[in-house]
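Notebook open, structure loaded. I want to go through a few loops and helices and then look at the whole fold.

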Amino acid sequence: MAMLEIKDLEVFYGMIQAIKGISFEVKEGEVIALIGANGAGKTTILQTITGMIPAKRGSILFEGTDITKIPGHKIVPMGMAHVPEGRRVFSQLSVLDNLKMGAYTRKDKGEVAENLKMVYKRFPRLEERKNQMAGTLSGGEQQMLAMGRALMSNPRIVLMDEPSMGLSPIFVAEIFDIIKEISAGGTTVLLVEQNARKALAIANRAYVLETGKIVLSGDADDLLNDESVKKAYLGE
């Protein structure tokens, strides 16, 4: 059984259909990449899965449970976390308080403290800056904070939306190394990423989206060498 299963999903913005009957699955332990041009519907898919946008038709199953109509704040405790596009840290709160916000659904204070140690180990810069206001961090550090905040909910799957957007090449490399570490630690990852080459390099499988439809799917290595993908998304 797939950890996450999307079946015939349709999403509308008013009269405009953004997602046109797509189906795909994410198995436990995988890194799955969704790639495509701006406006293809990648962010909409993540927001629909996490209850931020309602689905018009179709279903979303998480570990066998239908979560299609469950609101976002109830999905997080089920084991799903979302790192949104543009990071969206709480700029007027400290780094530590931002991280604590990620654990707001949890009651196990001892385990939350252990999680915080794990996040600091993975992101040493966050510990160095734990009392600093999040809004004063660099873009790369804010992305690390958004990822660390998501991990504080102790998720089994993390949905990441454009984690490399607007970052310097050094930070981009670091962010992708961290995604690989998160995966190696046992957390499943569904990754939306404009940098198709980087995404395919760390993914197990990938789905290519165009105007709300999946037009291609397969092993990430195969898609990296696919001529149509190279031409459209890899600049070759």
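**Ser-153.** I looked up Ser-153 and found it in the loop between H6 and E7; helices (H or I, at least four residues) and strands (E, at least two) are DSSP runs, numbered from the N terminus. This is a predicted model, where local features need pLDDT of at least 70, side-chain atom pairs count only at pLDDT 80 or more, and totals for chains, interfaces and linings use all residues. Residues are numbered from 1 along each chain as its sequence is written, and side-chain values use heavy atoms, with hydrogens and water left out.

Is Ser-153 buried or exposed? Its relative accessibility is 9%, so I put it down as buried; the cut-offs are under 20% relative accessible area for buried, over 50% for exposed, and partly exposed in between, with a 1.4 Å probe and protein chains only. Setting aside neighbours within four places in sequence, I find Ser-153 in contact with Val-76, Ala-81, Gly-102 and Arg-106. Contact here means heavy atoms within 4.5 Å.

**H6.** Next I went to the helix on one side of that loop. H6 covers residues 139-151, 13 residues in total. From first C-alpha to last I get 19 Å, close to the 18 Å expected at 1.5 Å a residue; the expected span is 1.5 Å times one less than the number of residues.

How many residues of H6 are buried? Twelve of the 13 are, so the helix is largely enclosed by the rest of the structure. The buried set runs through Gly-140, Glu-141, Gln-142, Gln-143, Met-144, Leu-145, Ala-146, Met-147, Gly-148, Arg-149, Ala-150 and Leu-151. Charged side chains are in there too, Glu-141 and Arg-149 being among the buried residues.

What do they pack against? I noted two strands, E6 (80-83) and E7 (157-161), and the helices H3 (95-102), H4 (109-122), H5 (124-128) and H7 (169-184).

**H1.** I checked a second helix, H1 (residues 42-49), where seven of the eight residues are buried, so H1 is also largely enclosed by the rest of the structure. The buried ones are Lys-42, Thr-44, Ile-45, Leu-46, Gln-47, Thr-48 and Ile-49. Just after H1, Gly-51 has a positive phi of about 80 degrees.

**Ala-40.** On the other side I looked at the loop between strand E3 (31-36) and H1, which holds Ala-40. Ala-40 is buried, at 3% relative accessible area. Which residues does Ala-40 touch, leaving aside those within four places in sequence? My list has Ala-18, Leu-209, Glu-210, Thr-211 and Gly-212. Ala-40 and Leu-209 are 169 residues apart along the chain, yet their C-alpha atoms are separated by 5.8 Å.

**Positive phi.** Most residues other than glycine have a negative phi, so I went looking for departures. Thr-211, one of the contacts of Ala-40, has a positive phi of about 40 degrees although it is not a glycine. Thr-211 is in the loop between strand E9 (205-210) and strand E10 (213-219), and it is exposed at 54% relative accessible area. Asp-8 is not a glycine either and has a positive phi of about 50 degrees, but Asp-8 is found in strand E1 (residues 4-13).

**Ser-91 and Lys-107.** I found Ser-91 in the loop between E6 and H3, partly exposed at 35% relative accessible area. Beyond its neighbours within four places in sequence, Ser-91 is in contact with Met-133, Ala-134 and Gly-135. Met-133 is 42 residues away from Ser-91 in sequence, and 6.3 Å away C-alpha to C-alpha. Lys-107 sits in the loop between H3 and H4 and is exposed, at 72% relative accessibility. Ser-91 and Lys-107 are 16 residues apart along the chain, with 25 Å between their C-alpha atoms.

**Whole fold.** I count ten helices and ten strands in the protein. The radius of gyration is 17 Å, close to the 18 Å the globule rule gives for 236 residues, so the protein is as compact as a globular protein of that length; the radius is taken over C-alpha atoms, and the rule is 2.2 Å times the number of residues to the power 0.38. Buried residues make up 51% of the 236. Of the contacts with a separation of 6 or more, 67% join residues 24 or more positions apart.
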